[in-house]
Amino acid sequence: MSFALGTSRTTITRAPLLLIDLETEEGITGRSYLFCYLSAAAPAIGRILAEVQRATQGERIAPVELWSALSRRFALIGVQGIVRMAMAGFDVACWDALARAAGLPLARMLGAETVRIPAYNSCGLGLMAPDRLADEAEALLAGGFTAVKLRLGYPTLREDMAALQAVHKRVPAGTRIMVDYNQALTVAEALARGRALDREGVDWLEEPIRHDDYAGAARLARELDVPIQLGENFSEPHGMAAAIAAGACDYVMPDLERIGGVTGWQRAAALAAAHRIEMSSHLFPEVSAHLLAATPTRHWLEWVDWANAIVEEPLRIEDGFAVVPERPGNGLVWNKEAVEKYRM
């Protein structure tokens, strides 16, 4: 990773990616990747993918039906954790293969245009000293971005405010700042820190408390002015539906490998549209840009460069916008030499 990511949970310096190639009898290959968080998780997910392969080999690529069939196959152990991740990676590769076969960018395959999507740089700004944060904020904006995400969750509110103010002072006026606590706070702490953030003009307060405490998040959404952002831990669209029903968030940001790949994302996007809630992405910018193009209430793309080193054509950013590519599929083509260089 180009920047270490120090969160309230842990510091991440390497991004373990599991690359998936879906080979068809017609010679078309669909591609996707999963972010495994821990290198040790990749072989376990790979073993689930081997079972997915055994269950689907020879079938037509019909992602909606395949998701349903695999959900039944894995029902007794649950479509959760690495099972859900494996299924999501398979689903994304299926949709890529279909779009490539049609000669269309994935966005067009889903009925959308290849538009530009507002993007914020989420590569760094972890927990660190204020002067280092300010330097890193400048570096993250150097690529043409106008928005960044700042991780908070220091031991005290005073330290949180010092970090935010250090970034505010260094970046140009008008720079958008999102803050993410990575589930670090209790409800009482989140109320106290959220009230302080109400005066700071941040764009959203992300996952301040345990991700599945929807009652607590609903209280924050009611009592704070800063919008509450949830979603990276939604487990399939029904998890998102439960959060919305509880009034737990002002915005949503599903994660591709947790919401259920492209198939799950489309269901989530319809849900967000029905409730008129703005929807952003979490990680996987290459594919998420296509999906946001087809999302009626699209909001922000979370941009990270973690796969840039191993793809032939990284997602392009222009003036703070991600440019959805016109090439067929989701745009992922592996740089074979780089893949060998970084192979775990």
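**Reading rings, helices and phi**

Tutor: Let's start with a cluster: ring pairs link Tyr120, Trp204, Tyr251 and Trp300. This is a predicted model, in which local features need pLDDT of at least 70 and side-chain atom pairs count only at pLDDT 80 or more, while totals for chains, interfaces and linings use all residues. Residues are numbered from 1 along each chain as its sequence is written, and side-chain values use heavy atoms, with hydrogens and water left out.

Student: What describes a pair of aromatic rings?

Tutor: The distance of the centres and the angle of the planes. Rings of Phe, Tyr and Trp (its six-membered ring) pair if their centres lie within 6.5 Å; planes under 30 degrees apart are stacked, over 60 edge-to-face, and the rest tilted.

Student: How many aromatic pairs does the structure hold?

Tutor: Seven. One of them is Phe35 with Trp306, tilted, at 4.9 Å centre to centre and 50° between the planes. Phe35 lies in strand β4 (residues 29-35) and Trp306 in the loop between β11 (301-303) and β12 (316-318), so the pair ties together parts 271 residues apart in sequence. Helices (H or I, at least four residues) and strands (E, at least two) are DSSP runs numbered from the N terminus.

Student: Are Phe35 and Trp306 buried or exposed?

Tutor: Both are buried, meaning under 20% relative accessible area (exposed is over 50%, partly exposed in between; 1.4 Å probe, protein chains only). Tyr120 and Trp300 also pair, edge-to-face, at 6.3 Å centre to centre and 65° between the planes. Tyr120 is in strand β5 (residues 116-121) and Trp300 in the loop between α12 (285-293) and β11, so this pair joins parts 180 residues apart in sequence. Tyr120 is buried at 0% relative accessibility, and Trp300 is buried at 7%.

Student: At what angle do helix α9 and helix α11 pack?

Tutor: α9 (residues 236-245) and α11 (residues 261-275) pack at about 20°, with axes 9 Å apart. That makes α9 roughly parallel to α11. Axes are lines fitted to C-alpha atoms, for helices over the stretch in contact, and angles run from 0 to 180 degrees between N-to-C directions; under 35 degrees counts as roughly parallel, over 145 as roughly antiparallel, 65 to 115 as roughly perpendicular and the rest as oblique.

Student: Which sign of phi do most residues other than glycine have?

Tutor: Negative. Asn182, however, has a positive phi near 50°; Asn182 lies in the loop between β7 (176-180) and α7 (187-197) and is buried at 12% relative accessibility. Glu207 has a positive phi of about 40°, sits in the loop between β8 (205-206) and α8 (214-223), and is buried at 2%.
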